[in-house]
Amino acid sequence: MRRLLSVFLVILGFSIVFSITLINPLGPAVIPVVAITEGKVKGAVHLNVEIWKNPEEAIAMIASKKADFYVLPITVGANLYLKGMDIVLLGVHEWNVFYMVVSEDETFSNWKDLVGKEIYTAHGRGQTVDVLMRYLMTEEGVIPDKDVRILYAPPQEIVALFKSGKIKFAALPEPFVTLCALGGKGKIALDFQKVWGDKMGIPPRLPIAGLFTSRRFLKEYPMVVEKVVELFKNSVEWMNKNLDEALILTKKFLNIPTPVLKESMKRTKFYYVDIKDCEGEVALFLKKLNELYPEGMPGVPDEGFYAR
Amino acid sequence: MGDVLEVRDLVKRYGKLLVLDRWSLKVSKGERIVLLGPSGCGKTTFLKIIAGLEGYDEGELYMDFKSLGFVFQEPRLIPWRTVKKNLSFVSDNEGKIKEILKMVRLEGFENHLPSQLSGGMRQRVNLARALLNDPDLLILDEPFSSLDLPVKLKIMDDIVELWRENNFTLLMVTHDVKEAVYMGDRILVLSERPSRIIEEITLAFHGDRILDERFLKAEAQIIKILSSS
Amino acid sequence: MKTIVGLLLFVLSWEILSLLLGSSFILPTPVETFKALIHELAKIETFHAFLSTAWKGFLVLGLVVLLGTLIGLVMGINTTIYEILRPVVTIVQAVPVISWLALVMFLWGIGWKGPVLISFLSLLPVSIFTTAAGVRSIDKDLLEMVKVYKVPKRKVFKDIYLGSIVPFVVATIDISIGNVWKVILVSEFLCGDKGLGVLISWARQYVDVPRVYALTIIAVAFGIISERLTKRFVRRLTRKWGMS
């Protein structure tokens, strides 16, 4: 009895001392971690999941050392690394998410169809899909900003404008793509991942988001990192195996209706790939971004960015 | 000849507060009437009633004059308009404006702004404005209270001179005994609020009053009345 | 001299605060920000954005002064109109910028009209109320004088009402020029297609904090300069009219 108690106390003490915080973005990226928050998968470590709503919040949590592990867009992680933050990429888990949606009364067969028109995309200049879109346009002889007007707005606003017929073309991440296309109001005209893959001669996928930690943490607690990665991987797998259940559990975090979310998951691909198996792809992606828009990606992270 | 103004048992209240307590007086054409009373007794209120700015509660009021000039206690000039513009605000008669300015000795100051004039000069513009439309009745509401003595004496002389030339009826209100004796033919002495007309003094002399012993006698008489009321 | 000391003190406290916070993602040091500022000023993009913000700001200022004075004048003269319009203006004044955003996005999407309308609606109520209060506070003595001499209404309007509102138009300009840039930047940030506010929102996207601060410095500097110049210009104009 006493031994059981002491083991329990040790584990309790351990987990209190070793309570690890993982921060995760609000959005569909919640679905792959819901297995952790709801206890569907368990690991040797207790992982406390906190949600961040905007990049500043995430950075504040990282800078103040409140977070030990961070789920971030790859571009954001790379930018932070380039700016001197102690951050290292462990693996990529979000691979497909960007599509072009076109209003039902318009057609899109190639970029020339956009000449004289306007297309909306999320957030601002230099976002992944913005850079890709401009690159693809230029490749086909269409001059961005001159031939086609590119406008930036919050994705929710773009959905509202699209559904009210005010805008006809939008390049967005899921689930906003599905929200636009709902009820036949729009159709999906382009898969950015596929086009990227075709152009680069690689599989049709883009490294969108992944799991990061600090190099300091990795050096001090390699065993813990291993366990966390394992837990994270299991959580993503659990989601893929039990999608319907996962969607129900996510209800308390997201207010996107479940059927919409489910439909959007057809085009959103989550699976964990260790960095050692995709470093080349990520490096290629970041290199291309830097080449196309150095304002948004001021350099190319060196090998210190990738966990070994 | 006729009465420019007749008042019978006039009563004025502000809410419950009685201000004018049954005033009765008559003003004939060409007279110089001064209402002499302490501050706050209601004499300005009476002027406002005559000028049509206020009503009254009881009594009768007959007025027979064609035009009215009102010299306010403060100059009340439009600060961003020149002397000329201040006058043309009230009358379009350019010739008359020139004449009046000459009368009050402000020739050459047409394009000055009120801020560029002394207090006495501003009050003279106030006076000029009142005279523009050839008033039958000139009302003056403590017009000298903000002026220095030498300035005051000059303006009082000016007004008396203008009265001699134009023969308007003059109705003035003041709390200063010297001013009253200087300016008035008939002085109506008022009590404190609620004010009544308690005494009427007729001065039968004209001329340079300040040094006249009759002036001093009249002054003393009035002061006696005031201190006993 | 004292201004320079004040500025140095400001930069010093900034440096200390930035070191205390310890992360250039939260508060970059003055040096880092200055470097970013130089980098920004060298770009033609920044200059275009600045022009875009500037013309919008002056347009809004003009509209606010014009319409605010007009409506305020009418409300000040006529008590019935004042009572009827007051609740509407008060409500408009209380609506936060964010709430106009949805309306504006629906009308025009992303563009220049949104920021202009939002800024206009944010600043107009103060202009209206200032002018109306001014008209209502016109020297009662002057109005009494007008009554005694039975001056025709047209003259009263021209000489008294219009003349008396000059200090309030000046006050409106003073208040508005101080606030217009802040509102323009925020609304550009939310729904603009060009301008300094848009650049700030993009800098935020790439987590380029020194850039955000650098752009802010540009906006602040322009705000202060334009405020000083406008005040001086307006003072000179009113002095010509004899209003000190």
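Below are legends for four close-ups of a predicted model.

**View 1. Strand β8 of chain A, wrapped up on both sides.** Here's residues 169-173 of chain A, and 5 of the 5 count as buried, so the strand is largely enclosed by the rest of the structure. For chemists who like to see the side chains sorted by face, Phe169(A), Ala171(A) and Pro173(A) sit on one side, while Ala170(A) and Leu172(A) take the other. Both faces are covered.

**View 2. The strands that pair with β8 of chain A.** What sense does the pairing with β5(A) have, parallel or antiparallel? With β5(A), residues 98-103, the pairing is antiparallel and runs over 5 bridges. Strand β6(A), residues 118-122, goes the other way about things: its pairing with β8(A) is parallel, over 2 bridges. Ala171(A) is a handy residue to centre the view on. Its bridge partner in β5(A) is Met100(A), and Thr121(A) stands opposite Ala171(A) as well. Recall that Ala171(A) is also one of the buried residues on the face shared with Phe169(A) and Pro173(A).

**View 3. Chain C, helices throughout, and its side towards chain B.** Chain C has 11 helices and 0 strands, and its C-alpha atoms fill a box of roughly 70 × 50 × 30 Å along the principal axes. Of its 244 residues, 39% are buried. Take the contacts in chain C between residues at least 6 apart in sequence: 76% of them join residues at least 24 apart. Zooming in on the neighbour, 15 residues of chain C are in contact with 12 residues of chain B. Helices α7 (140-148) and α8 (153-164) of chain C each bring at least two residues to that side, with α7(C) giving the largest share, 6 residues. Sorted by class, the chain C side has 8 nonpolar, 2 polar and 5 charged residues.

**View 4. Where the two domains of chain B meet.** Domain 1 of chain B is assigned as 3-66 + 136-228, and domain 2 as 75-135. Their C-alpha centres lie 25 Å apart. The contact takes 11 residues from domain 1 of chain B and 9 residues from domain 2 of chain B. On the domain 1 side, β6 (137-141) and α5 (149-166) of chain B each supply at least two residues. Which element gives the largest share of that side? That would be α5(B), with 4 residues. By class, this side of domain 1 of chain B comes to 8 nonpolar, 1 polar and 2 charged residues.

Note on methods:
Residues numbered from 1 in each chain as written. Chains lettered and ligands numbered in written order. Predicted model: local features only at pLDDT ≥ 70, side-chain atom pairs only at ≥ 80, totals over all residues. Buried ≥ 20, exposed ≤ 12 C-beta atoms within 10 Å, placed from the backbone. Pairing = 2+ DSSP bridges. Contact = placed C-beta atoms within 7 Å. Nonpolar A, V, L, I, M, F, W, Y, C, P; charged D, E, K, R; others polar. Domains from an automatic or database assignment.
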